[in-house]
Amino acid sequence: MKKILLPFFLFFHFIAFSQIINVESLRKVTDTSGWTGNTSLDFSLTKNTQTLIRLSNKIHVQYKMKRHLALFVNDLGFERSGGQSFVNQGSQHLRYNYKLLENITWEAFVQSQYNSIAKIQFRGLTGIGPRFKLLGLEKYRLYVGTLVMYEHEELDEETLIINRDWRASSYLSLSFFPTDNITFVSTTYYQPVLNDFKDYRIASENSFVLGIFEKLSLKTTYTLTFDATPATGVPDTFYQLTTGLLYAFD
């Protein structure tokens, strides 16, 4: 079960409307070289200015060889709001890790995304930084990391608004494996603009995964996010409850 699920982290990427892509929750724990990955089909009900029903498909593939790890994530969402159906959210993320020491890894990534509900016409990111394993017990894992990233963002306001910022991207992630078929993961992210700490994003994601068969699991996730400076007319706080099936392959 631990090979199917990923270490749990607390400060870096996104989920649905949170505008932060949670790659750490997709990383698979494995000591075996070669290809691994998973795919999930999720259903969610989100309440903000309107009630939103969302179906999403996420595909994650990673390749590990000795000290090297590369992973790719593609996420697409189909949503229904106010009687209208549309595809309005997607992201792609590519990340490379190099294990410097037993407990220290160097990370670099590039990412693109769009989200019409949050008025994000395009957001491109690239970043780099260290990741530390603070605890690596059989039933508990704890990681912390801090990266620096450059963000190019285009917001679909009455006129196109373009933001170019350097942000910190810190995370802390805890994974708990009480049994072979149960996993609990809690992750929180903090991303301030480096020259204006009043402009920041926070996301907290908590996932419960129950193994049904060897490679098939049921996953329920609750996410709460806050953006101190959202686009005009977009709420600063979102929450989301998602339930779906997770299938692992290797």
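Accessible areas here come from the Shrake-Rupley method with a 1.4 Å probe. On that basis, the protein exposes about 11800 Å², of which carbon and sulfur atoms supply 63%. The legends below refer to a predicted model.

**Figure 1. Overall view of the predicted model, an arrangement of strands without helices.** The protein contains twelve strands and zero helices, and its pattern along the sequence reads β-β-β-β-β-β-β-β-β-β-β-β. Of its 250 residues, 49% count as buried. Among contacts with a separation of 6 or more, 54% are accounted for by residues 24 or more positions apart. The mean pLDDT is 83, and 81% of the residues reach 70 or more. Over residues 1-18, by contrast, the pLDDT is below 50, although this stretch has 136 contacts in the model beyond near neighbours in sequence.

**Figure 2. Close-up of two nonpolar cores.** The largest nonpolar core has seven residues in all: Phe109, Leu125, Leu147, Met149, Tyr171, Tyr189 and Ala203. Apart from it lies another core, of six residues, which include Ala118, Leu155, Ala231 and Val234. Ala118 also appears in a pairing of distant sequence positions: its C-alpha atom and that of Pro235 are separated by 8.5 Å, with the two positions 117 residues apart along the chain. Pro235 is found in the loop between E11 and strand E12 (237-249). Its relative accessible area is 24%, so Pro235 is classed as partly exposed.

**Figure 3. Close-up of the salt bridge between Glu153 and Arg123.** Side chains of opposite charge can pair when their charged atoms come close. In the pair shown, the closest N and O atoms of Glu153 and Arg123 are 2.4 Å apart. The bridge links distant parts of the chain, with Glu153 in strand E7 (residues 140-156) and Arg123 in strand E6 (residues 120-136), 30 residues apart. Both Glu153 and Arg123 are buried. The two residues belong to one network, in which salt bridges that share partners join Arg123, Glu151, Glu153, Arg167, Asp199, Arg201 and Asp227.

**Figure 4. Close-up of two further salt bridges, Lys58 with Asp75 and Lys99 with Glu102.** The structure holds eleven salt bridges. In one of them, the side chains of Lys58 and Asp75 meet at 3.9 Å, N to O. This pair links distant parts of the chain: Lys58 lies in strand E2 (residues 51-65) and Asp75 in strand E3 (residues 68-81), 17 residues apart. Lys58 has a relative accessibility of 16% and therefore counts as buried, the cut-off being under 20%. Asp75 is likewise buried, with a relative accessible area of 4%. In the second bridge of this view, the side chains of Lys99 and Glu102 meet at 3.8 Å, N to O. Lys99 counts as partly exposed at 29% relative accessibility, and Glu102 counts as exposed at 54%.

**Figure 5. Close-up of a nonpolar patch on the surface.** Phe184, Phe208, Leu210, Ile212, Phe213, Leu218 and Leu245 form this patch, with about 620 Å² of accessible area together. One of these residues, Ile212, is placed in the loop between strand E10 (196-211) and strand E11 (216-227). Ile212 has a relative accessible area of 41% and is therefore partly exposed.

**Figure 6. Close-up of two lysines with positive phi, Lys66 and Lys119.** Phi of Lys66 is near 55°, a positive value in a residue other than glycine. Lys66 is found in the loop between E2 and E3, and at 71% relative accessibility it counts as exposed. Lys119 has a positive phi of about 60° although it is not a glycine. Lys119 lies in the loop between strand E5 (104-115) and E6; with a relative accessible area of 26%, Lys119 is partly exposed.

**Figure 7. Close-up of the buried glycine Gly37.** Gly37 lies in strand E1 (residues 34-47). Its relative accessible area is 0%, so Gly37 is buried. The C-alpha atoms of Gly37 and Ile59 are separated by 7.7 Å, the two residues being 22 residues apart along the chain.

Conventions. Residues are numbered from 1 along each chain as its sequence is written. This is a predicted model: local features need pLDDT of at least 70, side-chain atom pairs count only at pLDDT 80 or more; totals for chains, interfaces and linings use all residues. Side-chain values use heavy atoms; hydrogens and water are left out. Helices (H or I, at least four residues) and strands (E, at least two) are DSSP runs, numbered from the N terminus. Buried means under 20% relative accessible area, exposed over 50%, partly exposed in between (1.4 Å probe, protein chains only). A nonpolar core is a set of buried Ala, Val, Leu, Ile, Met, Phe, Trp, Tyr and Cys residues joined through side-chain atoms within 4.5 Å. pLDDT is the predictor's confidence in each residue, from 0 to 100. Contact means heavy atoms within 4.5 Å. Patches are made of residues with over 30% relative accessible area and no salt bridge: like charges are joined within 9 Å, nonpolar side chains (Val, Leu, Ile, Met, Phe, Trp, Tyr) within 5 Å. A salt bridge is a side-chain nitrogen of Lys or Arg within 4 Å of a carboxyl oxygen of Asp or Glu.
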